[in-house]
Structures are given as C-alpha cells and as structure tokens.
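Hi everyone, thanks for coming. I'd like to walk you through a few spots in one structure, so please have it up on your screens.

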Amino acid sequence: MVFGISILGILVGTHIYLSGPSPYGWGSYSRFLSLGSVVLSALLLGIFSYWWHSWRKSKKIVMELSKNEVSKIDLSDLFFTPTKIVERLDDNLGRLKSRYSDFERISQLLVLFDYSLDLPLQLRNALCMVHEVFRTNAILVFVEENKRLKFKVGTTRSPENGRYVSLGEKDPAVVQVFDVIKSDIDLPQLEELEWRNFFLPVNQNKTREDILIMPLIVWNRISGVIAYVTHPGSPMDEGSKTMATIFNRYLAILIENHTMYREKLFQERVYRELEIARQVQSESFPKTIPHFPGFDLFAICNPCNEISGDYYDIIPLPDNGLLLAIADVSGKGIPASLFLSKIQSLVRALASQFNSPAKFLTYLADQMSREQVGPFFATMLLVLLRAGASKAIVAGAGHCKPLVSRTKTGFVEESCLEVGIPLGLFEVPEGGYLDQTIDLMPNDGIFLFTDGVSDLMNTSRERFGLERLKQSIEKSQ
C-alpha cells in the first residue's frame, strides 16, 4: 500500500509541476506543492525500499529459527523497533556458535578415543561429554552381542553433587529403559535380519515421550541402541535430535572400530601362536636323515597351511633296524597338530619295544581309542627295515598304499597291502593289522606318501591323481 501511494504521489506531483501555472489562481503555490509531493513520495519510496530489503534478509533468518522463536517475533518490530530484530539475530547467532562448538566437541571423539582401553570406559567418557550438549537426565547405550541386545554403559547426573555417575545393569532406570526398548522396538525382527538394517523397526505402541530411542548404525548394520532420557515435559527439540544423530554415527563408528581393533589383536595373537606351533612342528621332524646300510633315504614335508596334519619320522632301532613312520591326521591346524604330536610321542617312546609294525599299530589304536581324543583320527603306515636285508615289513592303518618302483620292468606298482582301520576310531582287536613283506631287488624303491600328494589340484580343479604320481616316479631317477 505504501509503495502504491508513493508511486501515485510522484506521478501526480510530476504532472502538476509540468503542467505550468494553475488556471484557478494558485500561481506558484501549485508548482511548489507538486514539487513537495514529488520529494515526499520519493522519500517514502526510499524508506519502503530499505525496509523491504531488510525484511527479505530477516525473513531468511527467521525461517531458520525454531517454531518457538518464530512465535516470539512481532512483525511490527521490523518497522517500529528494528533493534529487537538485531538483538534476536545476535541471540540466534550465539546459539549457532554454541551448536558449532558442540559439533566440534563431538567430532573430537574419533581423535580422543583410545581403542587399547576398555570399551565401557571409553563410552562412559564420551557420554559424560555429550551430557553437557543435550542437557539430558541420562544416556544409556545397549550393544548387540551374539545377536542379542545387551546393556553396555549408562550415565546420569547425581542429585547430590551434580556429577555424572555410571549406571549398573540392574539399576531401576536401566531396567525401565530396557523395558521401553523391548516395547517400542521390534527386536525379534532385528534378530531375524541379523541386525542388518537401515533403521529400527518400531512397534505401534510408543510408551514414553521422555525416552528417545535411536539406532547406532554403521552402513547397513545396527551395532546397538542408544536411549536419551530427558526431564519430564522437556523433550529434545529438532536441533538437539539432529546433533544426537550425528553423535550416534560417531559412537557407532567408535564401537565398530574398537571391535575391529580387538579382532586384529586376536588375529595377531593367533598368528604368533601359529608361527610358534609351526616352528615346533618343523623341529619335530628329523633334522638329518641317518645313514642306513643297503638303503638311500629321503624325506620331506611341505605343509599346505601354517600347521600341517601330516607327519613322518625315521627312528633307528637298537638291533640294526630302522622304523619308518608316516601319518595323516583328519583336519588341519592346531587341533590336528596337537593330536599328531601325541602320536609322534608314542611312536618315538615305544618304537624299540615292538618288532612287528602290525602289533605296534594295534597298541597305538588301543591307546587312541581309550583316551577319547574327540572327532580326530589318523591314518598311518609303518615300515620296518633291517640292515643289509632285501625286504621291508609293512603294516597300514587306513593309509595310502606304498608304491614300489621296479627297476627290472621300469614300472611303478601299488603294493597289495591290507588297508586296515585308522587310529582313534575304535578299539582294534588282536590281528586287526597284518604285517606284509615287500621283496626288493637292487635299485628298487619304495615311495611312501599322504593323500596331500595325490589330491593336489591345479587351477582347473583337476586332481593330480595316482596315475600321474606313478608316471612321475617312473620318469624320475
């Protein structure tokens, strides 16, 4: 309206001024009045333009304020008392600076968090810091462990001294909040989804307005739930909820990083233990091959993993004999290695007490089955050699049959050995294993191996197989 009156005044004044002296005898008065109306109208137009420009800038700031702040602003202040608008803008600018300071404090969590310390202690320190940001009565953190939600840490302000104290799992406030979580959140659905979701599935019956439940999310995985307990009648506003969402993301990242850090330490410890076990196992193999009259001996073990389930041993006997042992334990890794070390200890301790490989295998099978070594079992082959003799006495317990290289024919043949029962499955009666004699001619050879050789696969998933193994031995020297 003011804009229209100003424009009309300028137009009318200009018209009168340009029309010359009035025919009604006004004379110079009319030109003076017309000039005054032009000046006044231009002044009003300038004032209106200034206030309109100020209002446009103020409107943008007003739209960013909360609803409560907007209701306190009287639009008439823009024209009559603009200093009030400046004061309110200064107040909101101070509030924005405070929010920025709070955001900066929250962002420092990633820097100050020490993953080598206990997780509840670190979470407690973080909660005590954000208490000042949100002015909440209590903050509780529940973490997913083994597909179940478990209370981890909680803090509240002490009514005696105003300091923040920790809450225990059986504290009434914790029990109450946990009941609200189970009532408001569909935890069975989360467990079915294995806690992989982008939001918390909420039930329809929300019970408490003063308890704000929010997820702790890293990518699409919910690592836990955080509950903000506010004072009755003072729920968190939208700005605080936004800051809480940012804090929750930081907290979820911290929990995830702490978990990964602990897993890394565990993996490093397991790797060190595996390295020690590998060294112990490698040193348990014979360091040197003994010289034995009438035979040339060679042995090697190339493990697939750090710890091998294969075993061989060469044990000199007091009566010019030599016992060759080769075994393969079911499974791999440390459990198989421990089971194998027990067999190795028995073989080395009792080898001199048996002059028959079959009887020795019977004794070992009886010991393994009595001690109930769990799901493990082992296949084994024992070969007894005598100095200067042209034969070998062999007995097997479910192991690969030895291959015999015949120099006269140039072929490699598989011995007709009784397979026998692997060690550790059940007790074997007398006669369960049989000795078999393999007669040898000069330059003949016996090849003992585990299925790690014949079961080896190439990139096309083709097994090496027994026939290729025979051909390799025939082509070798």
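Let me start with a cut-off: an angle between helix axes over 145 degrees counts as roughly antiparallel. Keep in mind, too, that this is a predicted model.

Now, how do α6 and α9 run relative to each other? Helix α6 covers residues 119–134 and helix α9 covers residues 238–284, and their axes cross at roughly 170 degrees. That is over 145, so α6 and α9 are roughly antiparallel to each other. Their axes come within 12 Å. If you want to find the contact, look on α6 for L119, L123, A126, L127, V130 and F134. Across from them, α9 brings S240, M243, A244, F247, L251, I255 and H258.

Next, please move to α7, residues 172–184. With 13 residues at 1.5 Å a residue, α7 should span 18 Å, and its end C-alpha atoms are indeed 18 Å apart. Which residues of α7 are buried? They are V174, V177, V180, I181 and D184. These buried residues cover an arc of only 125 degrees around the axis, so they sit on the same side of α7. And what covers them? Strands β1, β2, β4 and β5 are included in that cover. At the start of α7, a side-chain oxygen of D171 comes to within 3.0 Å of the backbone nitrogen of A173.

One last stop: M380, in strand β8, residues 378–386. M380 has 0% relative accessibility, so it counts as buried. In sequence, M380 and T450 are 70 residues apart, yet C-alpha to C-alpha they are 9.2 Å apart in space.

Thanks, and I'm happy to take questions!

Methods. Residues are numbered from 1 along each chain as its sequence is written. This is a predicted model: local features need pLDDT of at least 70, side-chain atom pairs count only at pLDDT 80 or more; totals for chains, interfaces and linings use all residues. Side-chain values use heavy atoms; hydrogens and water are left out. Helices (H or I, at least four residues) and strands (E, at least two) are DSSP runs, numbered from the N terminus. The expected span of a helix is 1.5 Å times one less than its number of residues. Buried means under 20% relative accessible area, exposed over 50%, partly exposed in between (1.4 Å probe, protein chains only). The arc is that of the directions from the helix axis to the C-beta atoms. Contact means heavy atoms within 4.5 Å. A polar contact is a pair of N or O atoms within 3.5 Å; within protein, one must be able to donate a hydrogen and the other to accept it, and residues adjacent in sequence count only if both atoms are side-chain atoms. Axes are lines fitted to C-alpha atoms, for helices over the stretch in contact, and angles run from 0 to 180 degrees between N-to-C directions. Angles under 35 degrees count as roughly parallel, over 145 as roughly antiparallel, 65 to 115 as roughly perpendicular and the rest as oblique.
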